[in-house]
Amino acid sequence: MPCRSAVASRPPTPLEAGTALLARRDYASGELRAKLIDKGHEPSEVDAVVATFQAQRLVDDARYAERFVAYRAARGQGPVRIRMDLKALGLPVELIDEALSSGPAFPTLAAAARSRKFGARAPKDFKEKARQARFLQYRGFSADDIRSALGNDPEGTFDPDL
């Protein structure tokens, strides 16, 4: 019986490698293309495989964007950060805008993230309000979402009993 290490195995084709990747998780078309090229496959062959996957709806950028927005929003991330991450994956701006607009209510998510981290009471002074705003900004919420979560108070006066 031959030893397993002695048996030469052929490298997977782009179709086989793409199928193996898609069996683990969903990919955007640009992300899948980059992964297959990084594995050493020819770009022309990879483009044909990705086009086949798109025709069979195994790769769907709109579906990927919607799921990405839902997942990241559930983790407490805001639209600014999600948009940046989707752009980095190479998705078109139109798909990103559509997925974000059909996504959750981000002002509500910002308020929930703020209250989970800092409690239900509104910040008592400007320093605390700035600290909470920086936290929400880091999470990727827009300035409007942050103002909504902290309470619309353009004067800078606070009601510590809220």
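Reader: How far from the centre of the ring of Tyr138 is the charged end of Arg81, and what makes it sit over that ring?

Author: The charged end of Arg81 is 5.4 Å from the centre of the Tyr138 ring. A charge sits over a ring if NZ of Lys or CZ of Arg is within 6 Å of the ring centre and within 35 degrees of the ring normal, and Arg81 is listed as sitting over Tyr138. Arg25 does so over the ring of Tyr27, with its charged end 4.0 Å from the centre.

The model is predicted: local features need pLDDT of at least 70, side-chain atom pairs count only at pLDDT 80 or more, and totals for chains, interfaces and linings use all residues. Residues are numbered from 1 along each chain as its sequence is written, and side-chain values use heavy atoms, with hydrogens and water left out.

Reader: What does the secondary structure of the protein chain come to?

Author: The protein chain has nine helices and zero strands. Helices (H or I, at least four residues) and strands (E, at least two) are DSSP runs, numbered from the N terminus. Read from that end, the elements run α-α-α-α-α-α-α-α-α.

Reader: Why is the pair of Tyr64 and Phe68 called tilted?

Author: The structure holds two aromatic pairs. In the pair of Tyr64 and Phe68 the centres are 5.9 Å apart and the planes differ by 35°. Rings of Phe, Tyr and Trp (its six-membered ring) pair if their centres lie within 6.5 Å; planes under 30 degrees apart count as stacked, over 60 as edge-to-face and the rest as tilted. The value of 35° is neither under 30 nor over 60, so the pair is tilted. Tyr64 and Phe68 are four residues apart in helix H4 (residues 61-74), which means they are separated by about one helical turn.

Reader: What makes the pair of Phe118 and Phe135 edge-to-face?

Author: The planes of Phe118 and Phe135 stand at 90° and the ring centres are 5.4 Å apart, so this pair is edge-to-face. It links distant parts of the chain, with Phe118 in helix H7 (residues 106-118) and Phe135 in helix H8 (residues 126-139), 17 residues apart.

Reader: Are Phe118 and Phe135 buried or exposed?

Author: Both Phe118 and Phe135 are buried; Tyr64 and Phe68 are buried too. Buried means under 20% relative accessible area, exposed over 50%, partly exposed in between (1.4 Å probe, protein chains only). Buried residues make up 36% of the 162 residues in the protein chain.

Reader: How do you know whether Arg72 is buried or exposed?

Author: Arg72 has 17% relative accessibility, so it counts as buried. Arg72 is in helix H4. Leaving out residues up to four places away in sequence, Arg72 touches Gln77, Ile82 and Asp85, where contact means heavy atoms within 4.5 Å.

Reader: Why does Glu66 get its exposure label?

Author: Glu66, also found in helix H4, has a relative accessible area of 43%, so it is partly exposed. Glu66 and Ile96 are 30 residues apart in sequence, and their C-alpha atoms are 8.4 Å apart.

Reader: What makes Arg57 exposed?

Author: The relative accessible area of Arg57 is 53%, so Arg57 is exposed. Arg57 lies in the loop between helix H3 (43-55) and H4. Its phi is near 60°, a positive value in a residue other than glycine.

Reader: Why is H5 called roughly antiparallel to H6?

Author: Helix H5 (residues 79-88) and helix H6 (residues 93-101) pack at an angle of about 150°, with their axes 10 Å apart. That angle makes H5 roughly antiparallel to H6. Angles under 35 degrees count as roughly parallel, over 145 as roughly antiparallel, 65 to 115 as roughly perpendicular and the rest as oblique. Axes are lines fitted to C-alpha atoms, for helices over the stretch in contact, and angles run from 0 to 180 degrees between N-to-C directions. The contact is made by Pro79, Ile82, Arg83, Leu86 and Lys87 of H5 and Val93, Ile96, Asp97 and Leu100 of H6.

Reader: What makes H7 oblique to H9?

Author: H7 and helix H9 (residues 143-150) pack at about 55°, with their axes 8 Å apart. That angle makes H7 oblique to H9. Residues in the contact include Phe106 and Pro107 of H7 and Asp145 and Ser148 of H9.
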